[in-house]
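User: I am new to this structure and would love a guided close look at a single part of it. Could you pick up one helix and walk me through how it sits among its surroundings?

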Amino acid sequence: LNNLAARHRVTPTQAMLALFAQAPFVVVPVVGCHTAEQINASFAGADLRLDPAETGALISDLGLGSPSA
């Protein structure tokens, strides 16, 4: 996650929110912020578009894939 964020010049939070926006499953993120600036900074990642390889790698690396039946 940190390497991907660095490649895209965003924070890990922004990269994770981008992943959630593009995930092939339903995600309802809860972002904990104390200030409006933190909220704005977090959601600045909403414009980030990950390619399918990046999305798949993150899902796999973070163990977010569907459990096997």
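What follows is a close look at helix 4 and the parts around it.

Analyst: Happy to! Please keep in mind that this is a predicted model, so everything below describes a prediction.

Let us start with the whole chain. The chain holds 4 helices and 0 strands, and reading along the sequence gives the pattern α-α-α-α. Its C-alpha trace spans about 40 × 25 × 15 Å along the principal axes. Of its 69 residues, 25% count as buried. Among contacts between residues at least 6 apart in sequence, 68% join residues at least 24 apart.

Now to helix 4, which covers residues 52-61. Just at its start, a side-chain oxygen of D51 comes to within 3.0 Å of the backbone nitrogen of A53. After the helix comes G63, whose phi is positive, near 65°.

Which residues of helix 4 are buried? They are E54, T55, L58 and I59. Viewed down the helix axis, these buried residues fall within an arc of 130°, so they line one face of the helix. The face turned away from that buried side carries P52, A53, S60 and D61, which are exposed. As for what the buried residues meet, they pack against helix 1 and helix 2.

E54 deserves a pause. With a relative accessibility of 14%, E54 counts as buried, because the cut-off for that word is under 20%. E54 forms a salt bridge with R7, and their closest N and O atoms are 4.0 Å apart. Since E54 lies in helix 4 and R7 in helix 1, the pair ties together parts that are 47 residues apart in sequence. The structure holds 1 salt bridge. Its partner R7 is exposed, at a relative accessible area of 56%.

L58 and I59 lead us to another feature. Both belong to the largest nonpolar core, a group of 10 residues that also includes L4, A5, A15, M16, A18, L19, L48 and L50. Helix 1, helix 2 and helix 4 are the elements that give two or more residues to this core, and the largest share, 4 residues, comes from helix 2. As a general point, nonpolar side chains in soluble globular proteins tend to be buried together.

That brings us to helix 2, one of the neighbours of helix 4. Helix 2 runs over residues 12-22, and its buried residues are Q14, A15, M16, L17, A18 and L19. The cover over them includes helix 1, helix 3 and helix 4. Q14 is buried too, with a relative accessible area of 10%, and its side chain reaches the backbone nitrogen of T11 at 2.8 Å. Setting aside neighbours within four places in sequence, Q14 is in contact with A41, S42, A44, G45 and L48. L48, itself a member of the core, touches H8, V10, Q14, A15, A18 and Q22 when neighbours within four places in sequence are again left out.

To put the picture together: helix 4 has a buried face that packs against helix 1 and helix 2, with E54 joined to R7 by a salt bridge and L58 and I59 taking part in the largest nonpolar core. On the side turned away, P52, A53, S60 and D61 are exposed.

Technical notes
Residues are numbered from 1 along each chain as its sequence is written. This is a predicted model: local features need pLDDT of at least 70, side-chain atom pairs count only at pLDDT 80 or more; totals for chains, interfaces and linings use all residues. Side-chain values use heavy atoms; hydrogens and water are left out. Buried means under 20% relative accessible area, exposed over 50%, partly exposed in between (1.4 Å probe, protein chains only). Contact means heavy atoms within 4.5 Å. The arc is that of the directions from the helix axis to the C-beta atoms. A polar contact is a pair of N or O atoms within 3.5 Å; within protein, one must be able to donate a hydrogen and the other to accept it, and residues adjacent in sequence count only if both atoms are side-chain atoms. A salt bridge is a side-chain nitrogen of Lys or Arg within 4 Å of a carboxyl oxygen of Asp or Glu. A nonpolar core is a set of buried Ala, Val, Leu, Ile, Met, Phe, Trp, Tyr and Cys residues joined through side-chain atoms within 4.5 Å.
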